[in-house]
Amino acid sequence: MEHLETTKNHAIVISGKEIAAAMREEFKREVERLRAEGIVPGLAVILVGDDPASHSYVKGKEKGANEVGIYSVVHRLPAETSQEELLAMIRTLNEDPAIHGILVQLPLPKHIDEEAVIFAIDPDKDVDGFHPINVGKMQIGTECFLPCTPHGVIHMLKRTGISIEGTHAVVVGRSNIVGKPMAQLLLNENATVTVCHSRTRDLSAITKQADLLIAAVGRPGIITKDMVKPGAVVIDVGVNRVDGKLVGDCDFAGVQEVASYITPVPGGVGPMTITMLLYNTIESAKRWAKKRG
Ligand code: NAP
């Protein structure tokens with residue numbers, strides 16, 4: 001349990017960074033095995049425009065893929081790229097046998113319809129798990145690509161030995177990429193799930209009932225110590241920049257005094273997200289090889 005760190009009377013800090021590093025070592029060995037069989041997992045990332053945060057996320061994805069031996073290509077397109085040009089590139093990648101995963105970095109420039117882009121990706125290459133086919137399959141609980149951030153949270157909990165089944169899990173946030181799939185995956189793991197959002201009345205009354213509290217809002221310090229049940233497991237998905245520093249949605253120092261486990265920001269959920277993208281790409285290559293026979 002090297003990824004756990006504790007101080008007296010404080011929550012154990014779950015290091016997503018260390019769990020992610022251990023998983024990536026496993027992926028390296030798996031990709032080596034696949035390459036020996038002539039299967040090279042391939043990931044294509046498309047980035048449109050100049051958003052600095054998106055550029056940095058894409059760099060992390062490219063680096064992560066290269067480190068585990070995944071073949072990766074990044075298409076950096078100018079902000080004025082038309083929707084038709086982007087869709088044409090996706091169609092080409094859908095047909096490319098060297099590519100098993102396609103990811104379009106969001107957000108896209110305003111003149112491009114994000115939904116049309118997500119729908120254009122072959123669901124069998126949708127390693128972000130955002131295509132409605134994969135969203136529907138996740139809901140049914142059948143094999144599919146699971147969205148990377150919530151899937152990463154589930155892996156973190158499992159690898160830390162935290163039991164999900166039977167707990168009351170409260171998810172704060174209901175976006176399509178984090179909150180909603182997080183709730184669904186927790187339900188699939190047999191938690192009793194409550195979802196909160198900006199219209200929730202008396203948020204604190206609900207968060208205080210949580211055995212497992214997931215914060216995915218994007219507001220620094222929205223979860224304070226008095227909102228957390230003593231002994232709860234708190235997962236902080238939020239990433240906020242305050243005075244140039246990255247912080248989560250939880251008042252870390254306060255919440256750490258009452259929770260049993262907590263994830264830090266940075267070094268918590270973030271590193272797990274890219275790790276699950278690599279996982280999905282490797283899985284996709286394995287499925288493709290199985291189909292090929
Ligand atoms: P989002 O699309 O902006 O969704 C935020 C959610 O929070 C919405 O559902 C919103 O409710 C809810 N909310 C806003 N104010 C609230 C309040 N006062 N009380 C309760 N709920 C409130 O954001 P997102 O994409 O889900 O991301 C959430 C956070 O996670 C962000 O900080 C983002 O940077 C971070 N993130 C981290 C990773 C990672 O890898 N670590 C990955 C993705 C996202 P409504 O639906 O009612 O508006």
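The buried residues of helix 7 are covered by elements that include helix 5 (132–140), helix 6 (148–160), strand 6 (168–172), strand 7 (192–196) and strand 8 (212–215). In this predicted model, helix 7 spans residues 179–188, and 7 of its 10 residues are buried, so the helix is largely enclosed by the rest of the structure. The buried positions are Gly179, Pro181, Met182, Ala183, Gln184, Leu185 and Leu186. Just after helix 7, Asn190 adopts a positive phi of about 70°, although Asn190 is not a glycine. Asn190 belongs to the loop between helix 7 and strand 7 and is partly exposed, with a relative accessibility of 46%.

A second positive phi, of about 50°, occurs at Asp202, which is likewise not a glycine. Asp202 is located in the loop between strand 7 and helix 8 (203–207). With a relative accessibility of 53%, Asp202 counts as exposed.

The domain assignment divides the chain into domain 1 (38–122) and domain 2 (147–270). The centres of domain 1 and domain 2, taken over C-alpha atoms, are separated by 29 Å. Nonpolar side chains tend to be buried together in soluble globular proteins. The largest nonpolar core of the model comprises 53 residues, and Leu186, Leu212, Ile214 and Ile235 have the most contacts inside it. Helix 10 (residues 269–292) makes the greatest contribution to this core, supplying 9 residues. Both domain 1 and domain 2 are represented in this core, each by at least three residues.

The surroundings of Leu212 illustrate the packing of this core at the level of a single residue. When neighbours within four places in sequence are left aside, Leu212 is in contact with Leu157, Ile164, Thr167, His168, Ala169, Val170, Leu186, Val233 and Ile235. Apart from the largest core lies another core, of 18 residues, with Val13, Cys196, Met227 and Val255 among them.

Within domain 1, attention may be drawn to helix 3. Asn94 is placed in helix 3 (residues 83–95) and is buried, with a relative accessible area of 15%. Beyond its neighbours within four places in sequence, Asn94 is in contact with Ile102, Ala120, Ile121, Asp122 and Lys125.

The surface also carries nonpolar side chains. Tyr57, Val239 and Leu246 together make a nonpolar surface patch of about 260 Å². Of these residues, Leu246 is situated in strand 11 (residues 245–247) and is partly exposed, with a relative accessible area of 32%.

Side chains of opposite charge can pair when their charged atoms come close. The structure contains 12 salt bridges. One of them joins Glu25 and Lys28, with the closest N and O atoms 3.2 Å apart. Both residues lie in helix 1 (residues 16–36), where a spacing of 3 residues corresponds to about one turn of the helix. Glu25 is partly exposed, with a relative accessible area of 38%, and Lys28 is also partly exposed, at 31% relative accessibility.

A further salt bridge forms between the side chains of Lys286 and Glu30, with an N to O distance of 2.6 Å. Because Lys286 lies in helix 10 and Glu30 in helix 1, this pair ties together parts that are 256 residues apart in sequence. Lys286 is partly exposed, at 28% relative accessibility. Glu30, Glu283 and Lys286 are linked in a network of salt bridges.

Lys225 and Glu257 form another salt bridge, in which the closest N and O atoms are 2.7 Å apart. Lys225 lies in the loop between strand 8 and strand 9 (233–236) and Glu257 in helix 9 (residues 252–258), so the pair ties together parts that are 32 residues apart in sequence. Lys225 is partly exposed, with a relative accessible area of 37%, and Glu257 counts as partly exposed at 41% relative accessibility.

Cis peptide bonds were examined next. The peptide bond from Leu106 to Pro107 is cis, with omega near 0°. Pro107 is placed in the loop between strand 5 (101–104) and helix 4 (114–120). Val265 and Pro266 are also joined by a cis peptide bond, with omega about 0°. Pro266 occurs in the loop between strand 12 (261–262) and helix 10.

How values were computed: Residues numbered from 1 in each chain as written. Predicted model: local features only at pLDDT ≥ 70, side-chain atom pairs only at ≥ 80, totals over all residues. Heavy atoms only, no water. Patch = residues over 30% accessible without salt bridge, like charges linked within 9 Å, V, L, I, M, F, W, Y side chains within 5 Å. Areas by Shrake-Rupley, 256 points an atom, 1.4 Å probe, with all protein chains shown as cover. Salt bridge = Lys/Arg side-chain N within 4 Å of Asp/Glu carboxyl O. Helix = DSSP H or I, 4+ residues; strand = E, 2+ residues; numbered from the N terminus. Buried < 20%, exposed > 50% of the residue type's maximum accessible area, 1.4 Å probe, protein only. Core = buried A, V, L, I, M, F, W, Y, C linked by side-chain atoms within 4.5 Å. Domains from an automatic or database assignment. Contact = heavy atoms within 4.5 Å.
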